Amino acid sequence: MIGVIDYGMGNLFSVSKALERLNIEYKIGDRPDQLHGCDGYILPGVGAFPDAMKALAEHQFIGFIHQKVEEGVPLYGICLGMQLLFESSEEGGWTDGLGIFPGTIRRFSGIDENGRAYKVPHMGWNQMNIRRPEKELLTDVENEYVYFVHSYAAVTEDEDILYATADYHSDVPAIVGRDHVVASQFHPEKSGRAGMQLLENFCRMMCRQ
Amino acid sequence: MLSKRIIPCLDVKEGRVVKGIQFVDIRDAGDPVELAKVYDEQGADELVFLDISASHEGKKTMIDVVRSVASELAIPFTVGGGIRTLEDIKETLRNGADKVSLNSSAVQRPELITEGADYFGSQCIVVAIDARYDEPSDNWVVYTHGGRTPTEWSLTDWAQEAVKRGAGEILLTSMNKDGEKTGFDLPMLEAVQSVVSVPVIASGGAGSSEHFYDVFTKVDADAALAASIFHYKETSVGNVKRYLKDKGVPIR
């Protein structure tokens with residue numbers, strides 16, 4: 001059973017339907033007491049970082065997420081849900097995140113290394129460069145195209161957590177992970193075959209635990 | 001590298017796909033969810049649904065279409081047509097659409113763009129612009145209400161205003177080219193590309209694979225949208241993408 005963390009800022013409909021297509025049991029809860037005892041969790045997210053942290057706190061999910069991560073329960077962060085797992089974000093003034101991964105969330109500068117302007121948001125299908133093919137999450141996932149929509153990206157010095165990157169005027173973290181905590185900047189439920197495979201692999205990780 | 005997107009557009013009226021030529025002469029082209037699945041299988045990068053229902057029942061049917069598409073497909077899609085309030089935006093996105101497209105309502109009340117962008121983020125807000133070349137002023141004029149009503153806005157002014165207010169993407173339809181199948185309106189696209197910093201989707205005029213090649217290489221559009229050539233199977237999304245890939249255009 002997957003617990004989908006509902007703090008009012010996710011596209012829960014699409015995630016739910018993707019899980020249904022994969023025949024994975026899930027429940028959605030907007031309070032920790034509704035979600036205790038699941039085998040794994042999905043932290044979705046669309047919107048602004050400061051609002052999301054505020055909403056997580058209001059729904060009492062901050063302590064809950066830390067507790068589950070410490071207990072070793074698998075967690076998958078999607079899009080903004082991935083960004084929240086880092087230490088802080090500069091979106092709307094610096095805001096602390098959950099601090100599970102080292103690094104910060106920064107806005108794309110919009111100017112490349114040659115001083116030329118490029119478009120922000122990073123929007124559309126971009127190809128992944130898989131760096132950690134041995135990871136269970138990446139079973140049967142190749143250097144495929146996945147769908148990105150974001151104006152802020154993770155910046156980290158910890159190369160070990162970079163499972164896959166995508167090239168958009170810099171190496172953009174696409175999939176990150178450490179042990180049982182994984183996340184993708186893109187929406188797996190909107191990223192065709194590769195995205196569905198990632199969700200399936202996450203469930204396999206979860207069932208094994 | 002980001003790939004260029006090919007986007008089939010489905011005009012939906014009372015729950016059925018239709019397609020007009022220069023905004024009139026509407027013919028029936030099928031079930032939206034079935035067509036959406038076919039396009040997904042052909043490799044469509046994204047889909048756009050424009051609801052042109054006249055009735056309240058038609059609008060309600062559209063929400064069912066949105067839910068069905070979101071249930072069955074794992075690619076992003078945009079819904080437009082008749083979205084007038086923040087509540088409409090919320091309802092559409094909560095039922096599974098990834099983006100909404102605002103047209104007449106945004107011209108009438110530009111604050112709607114800001115409200116939507118503040119609530120859900122710019123990435124969800126597409127501003128669709130229908131424009132026609134006006135010879136006396138040597139400029140493009142923005143039209144609303146399915147191309148029936150000219151506005152005071154010039155195309156480049158309105159595009160900049162929309163982006164300033166939070167539009168994450170511009171869907172630009174050339175009324176001169178719509179349904180003509182003689183190629184996209186490159187000068188019009190160039191004019192918009194040079195003043196905005198968000199992705200631009202080219203629309204109106206697709207008739208062959210070469211036309212897509214031109215719009216991606218001559219004016220560097222981010223995405224190109226077409227309806228009739230796909231609905232009536234004159235070509236397929238797969239054929240267009242293979243053609244572009246062979247010519248070195250970045251394609252998924």
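A residue counts as buried when its relative accessible area is under 20%, as exposed when that area is over 50%, and as partly exposed in between. Keep this cut-off at hand for the exercises below, which all concern a predicted model.

**Exercise 1. Classify B:R5 as buried or exposed, and place it in chain B.**

Step 1: B:R5 sits in strand 1 of chain B, which covers residues 5-13.
Step 2: Its relative accessible area is 1%. Buried means under 20%, so B:R5 is buried.
Step 3: Now look for B:A224, which is 219 residues away along the chain; its C-alpha atom and that of B:R5 are separated by 6.3 Å.

**Exercise 2. Decide how far helix 6 of chain B is enclosed.**

Step 1: Helix 6 of chain B spans residues 155-164, 10 residues in total.
Step 2: Go through them with the same topic in mind: the buried ones are B:L155, B:T156, B:W158, B:A159, B:E161, B:A162 and B:V163.
Step 3: That makes seven of the 10, so the helix is largely enclosed by the rest of the structure.
Step 4: Just past the helix comes B:G166, with a positive phi near 120 degrees.

**Exercise 3. Trace the open sheet of chain A from edge to edge.**

Step 1: The sheet has nine strands in the order 2-1-3-4-13-12-11-8-9, and the pairing is mixed.
Step 2: Strand 2 (26-29) and strand 9 are the edges, each pairing on one side only. From one strand to the next, the twist averages 25 degrees.
Step 3: For a parallel pair, take strand 1 (residues 2-5) and strand 3 (residues 40-43), joined over three bridges; A:V4 has A:I42 as its bridge partner.
Step 4: Helix 4 (residues 61-71) packs on this sheet, touching strands that include strand 1 and strand 3 of chain A, and its direction makes about 135 degrees with that of strand 3.
Step 5: For antiparallel pairs, go to strand 8 (residues 122-130), where seven of nine residues are buried. Six bridges join strand 8 to strand 9 (residues 145-150), with A:G124 opposite A:F148. Three bridges join strand 8 to strand 11 (residues 162-167), and there A:N129 is partnered with A:T165.

**Exercise 4. Find the backbone exceptions and say where they lie.**

Step 1: Start from the usual case: most residues other than glycine have a negative phi, and most peptide bonds are trans.
Step 2: The bond between A:V120 and A:P121 is cis, with omega about 10 degrees. A:P121 belongs to the loop between strand 7 (104-107) and strand 8 of chain A.
Step 3: A:C79 is not a glycine, yet its phi is positive, about 55 degrees. It is found in the loop between strand 4 and helix 5 (80-83) of chain A, and at 9% relative accessible area A:C79 is buried.
Step 4: B:D220 also has a positive phi, near 60 degrees. Its loop runs between helix 8 (209-217) and strand 12 (223-226) of chain B, and with 46% relative accessibility B:D220 is partly exposed.

**Exercise 5. Describe the interface of chain A and chain B.**

Step 1: Contacts link 26 residues of chain A with 34 residues of chain B.
Step 2: The two chains bury about 2300 Å² between them, and 56% of it is on carbon and sulfur atoms.
Step 3: Two salt bridges cross the interface. A:K119 and B:D222 form a salt bridge through their side chains, at 2.6 Å from N to O.

Definitions and conventions:
Residues numbered from 1 in each chain as written. Chains lettered and ligands numbered in written order. Predicted model: local features only at pLDDT ≥ 70, side-chain atom pairs only at ≥ 80, totals over all residues. Heavy atoms only, no water. Buried < 20%, exposed > 50% of the residue type's maximum accessible area, 1.4 Å probe, protein only. Helix = DSSP H or I, 4+ residues; strand = E, 2+ residues; numbered from the N terminus. Pairing = 2+ DSSP bridges. Axes fitted to C-alpha atoms, helices over the stretch in contact; angles between N-to-C directions. Contact = heavy atoms within 4.5 Å. Buried area = accessible area lost by both parts, 1.4 Å probe. Salt bridge = Lys/Arg side-chain N within 4 Å of Asp/Glu carboxyl O.
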